[in-house]
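Here is a short briefing on a protein model. It covers disulfides, aromatic pairs and a pocket.

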Amino acid sequence: MISAPKLGPTGEEDVVDASGDGRRVRGPWARMRTATLLCAAAALAAGTVPAAAQPRALPAPAPEPLVVVDCFSKPQVRPEEYLLACGDGNNRLVRLRWDTWGPRTATATGTDMVNDCKPYCAAGRFRSYPVTVTLSSPEPWPDRPDVQRFTKIRLVYTDTAPAPVPKDVSYKLVY
């Protein structure tokens, strides 16, 4: 008569020690199961390295923002004021409020302060003209080729324009 093997508390077959002292000794299947579980645990541990310990690709450096270069060769982003007449200071944009500053254009509203130079510039009076400003035509800045700068400015006077300037005028920015 063949009897079923005696199972231990873990459901595995018990083997009695050949020395006859009655101790239970795990059979070969128990050792194999332990080895398999250890290998599986090691594989899981290797595959689930905490995010902090995993090497990360460095984020790409943020691109330099587009700038407008002022009379002093300083890059400006969304300036509140911008000097148009670098030689004598008789024309300046003030109180600029930028609606956009994008990859191709930037737009603002503000005031163009223009010296009327009457009877001559030193004795002239500054007059204010509401204006919409658009910067465009970005190109690499020769002084810093990694920086893009706007190279064109358009002024649209929303009321009257300073004589003899037309209500819609564009200039090349040379700085």
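The count of disulfides comes to 2. The model is predicted. Three topics follow: the cysteine links, the aromatic rings and the lining of the largest pocket.

**Disulfide C71–C86**

- C71 and C86 are joined by a disulfide, with an S to S distance of 1.6 Å.
- The torsion about the S-S bond is -75°, and the link of C71 and C86 is left-handed.
- This pair connects distant parts of the chain, 15 residues apart.
- C71 sits in the loop between β3 (68–69) and β4 (75–76). C86 sits in the loop between β5 and β6 (91–101).
- Is C71 buried or exposed? C71 has a relative accessible area of 16%, so it counts as buried, the limit being under 20%.
- C86 has a relative accessible area of 24% and is partly exposed. C86 is not counted as buried because that term requires a value under 20%.

**Disulfide C117–C121**

- A second link joins C117 to C121, at 1.9 Å from S to S.
- The torsion about the S-S bond of C117 and C121 is about 95°, so this disulfide is right-handed.
- C117 is partly exposed, at a relative accessible area of 22%.
- C121 is also partly exposed, and its relative accessible area is 33%.

**Pairing order**

- How are the bonded cysteines paired when numbered in sequence order? The pattern is 1-2, 3-4.
- In residue terms, C71 goes with C86, and C117 goes with C121.

**Aromatic pairs**

- The count of aromatic pairs is 3. Two of them are described here, and both involve W101.
- W98 and W101 pair edge-to-face. Their ring centres lie 4.9 Å apart, with 80° between the planes. The pair is called edge-to-face because the angle is over 60 degrees.
- W98 is buried, with a relative accessible area of 13%. W101 counts as buried too, at 15% relative accessibility.
- W101 also pairs with F150, again edge-to-face. Here the distance is 5.5 Å centre to centre, and the planes stand at 85°.
- Which parts of the chain does the pair of W101 and F150 link? W101 lies in strand β6 and F150 in strand β9 (residues 144–157), 49 residues apart. These are distant parts of the chain.
- F150 is buried, at a relative accessible area of 1%.
- W98, W101 and F150 together form one aromatic cluster.

**Largest pocket**

- How much space lies in the largest pocket? The volume is about 160 Å³.
- Two elements give two or more residues to its lining: β5 (82–83) and β10 (168–172).
- The lining includes Y82, L83, L84, A85, C86 and N91. I153, Y171, K172, L173, V174 and Y175 also line the pocket.
- The lining residues divide into 10 nonpolar, 1 polar and 1 charged. K172 is the charged one, because Lys counts as charged. N91 is the polar one, because Asn is outside both the nonpolar and the charged groups.
- C86 has two roles in this account: C86 lines the largest pocket, and C86 is bonded to C71.

Methods: Residues are numbered from 1 along each chain as its sequence is written. This is a predicted model: local features need pLDDT of at least 70, side-chain atom pairs count only at pLDDT 80 or more; totals for chains, interfaces and linings use all residues. Side-chain values use heavy atoms; hydrogens and water are left out. On a 1 Å grid over the protein atoms alone, a cavity is a set of points where a 1.4 Å probe fits but cannot get out, and a pocket is an open set with protein on both sides within 12 Å along at least five of seven lines; lining residues have an atom within 4 Å of a point. Grid points are joined across faces, edges and corners, and a volume is the space filled by probe spheres set on the points. Helices (H or I, at least four residues) and strands (E, at least two) are DSSP runs, numbered from the N terminus. A disulfide is a pair of cysteine sulfur atoms within 2.5 Å. Buried means under 20% relative accessible area, exposed over 50%, partly exposed in between (1.4 Å probe, protein chains only). Rings of Phe, Tyr and Trp (its six-membered ring) pair if their centres lie within 6.5 Å; planes under 30 degrees apart count as stacked, over 60 as edge-to-face and the rest as tilted.
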